[in-house]
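The following exercises concern helix packing and nonpolar cores. Please examine the sequence and the structure before reading the solutions.

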Amino acid sequence: KKMTYCMEFKYIMRNPLFINGALGRSILLGVNTAFHYWISDYMKNAIHIENPHVIFWSYTLMNIGGPVGGVFAGSFIQYFFGGYENKHSASVLLATHFISCIFGMLIPFMEGLYSFCAMVLLYLIFNSSSLPMIQGIIITSVSTELKGTAFSIANLFTMMLTSGPAPVFYGFINDTFHGHKNAGMLAIMLCCCLGLLFILGMVFYRYKMYNELENSSNKV
């Protein structure tokens, strides 16, 4: 039976797997927005790199190397553990995001250019491998007819809750704790760790969904 947009919206918003996934995705993308917006300022004021060419090329290499490394890491994960349609995909996502959080939390404490770049690169690799997984789980959490609406709602979550406010939040923390040059970076990486809670919710509801499907199949 064809539903109106309002009916689709209500139906999707009652899906706990989708809600946890959309919130987790919002945090991942929001942190990335703030990180990329402020990284040149951070390298100049926190790591004290005065040469703009060094900042430009360092950021460019990290920005290219992270997603490229994420593609290889994602292919490796998919080969051994399966893609986002796999029953255990949320658990794999939890592991990759946990690893990215470890490297993310180390970033504010790196004082040299090379150590900073290494931590950022590793963070971006595992972060880039997590994003396709979480987006795939979000889309497969609803029926085919609702995928378009679901993805629109997930994007709305991201724009309203994190991508817009995150850079402002970073700046506010930086100005409030101006004596600590790494305060803004530390704050957004703590927010990144907050995403683990929503991914844990995804793990729970993902297994619950598959168990219900298996039980219904056995009854038939």
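Three exercises follow, each with a worked solution.

This is a predicted model, in which local features need pLDDT of at least 70 and side-chain atom pairs count only at pLDDT 80 or more, while totals for chains, interfaces and linings use all residues. Residues are numbered from 1 along each chain as its sequence is written, and side-chain values use heavy atoms, with hydrogens and water left out.

**Exercise 1.** Determine how H6 and H7 are oriented and which residues join them.

Solution. Helices are DSSP runs of H or I with at least four residues, numbered from the N terminus. Helix H6 spans residues 147–163 and helix H7 residues 165–176. Their packing angle is about 10°, and their axes lie 6 Å apart; axes are lines fitted to C-alpha atoms over the stretch in contact, and angles run from 0 to 180 degrees between N-to-C directions. Angles under 35 degrees count as roughly parallel and 65 to 115 as roughly perpendicular; H6 and H7 are therefore roughly parallel. Contact (heavy atoms within 4.5 Å) joins Met159, Met160, Leu161, Thr162 and Ser163 of H6 to Pro165, Ala166 and Pro167 of H7.

**Exercise 2.** Identify the buried residues of H6, then describe how H1 crosses H6.

Solution. Buried means under 20% relative accessible area, with a 1.4 Å probe and protein chains only. In H6 the buried residues are Thr149, Ala150, Ile153, Ala154, Phe157, Thr158, Thr162 and Ser163. They pack against helix H1 (5–13), helix H2 (16–45) and H7. H1 meets H6 at an angle of about 70°, with axes 10 Å apart, so H1 is roughly perpendicular to H6. On the H1 side, Tyr5, Glu8, Phe9, Ile12 and Met13 make the contact; on the H6 side, Thr149, Ala150, Ile153 and Phe157 do so.

**Exercise 3.** Which members of the largest nonpolar core touch the most other members, and which element gives the most residues?

Solution. A nonpolar core is a set of buried Ala, Val, Leu, Ile, Met, Phe, Trp, Tyr and Cys residues joined through side-chain atoms within 4.5 Å. The largest holds 32 residues, of which Phe35, Met43, Met62, Ile107, Phe116, Tyr123 and Met185 touch the most other members. H2, helix H3 (52–81), helix H4 (89–106), helix H5 (113–140), H7 and helix H8 (183–219) each give two or more residues to this core. H5 gives the most, with eight residues. Apart from this core lies another of 24 residues, among them Phe18, Ile137, Ala150 and Ile153.

Key
Angles under 35 degrees count as roughly parallel, over 145 as roughly antiparallel, 65 to 115 as roughly perpendicular and the rest as oblique. Buried means under 20% relative accessible area, exposed over 50%, partly exposed in between (1.4 Å probe, protein chains only).
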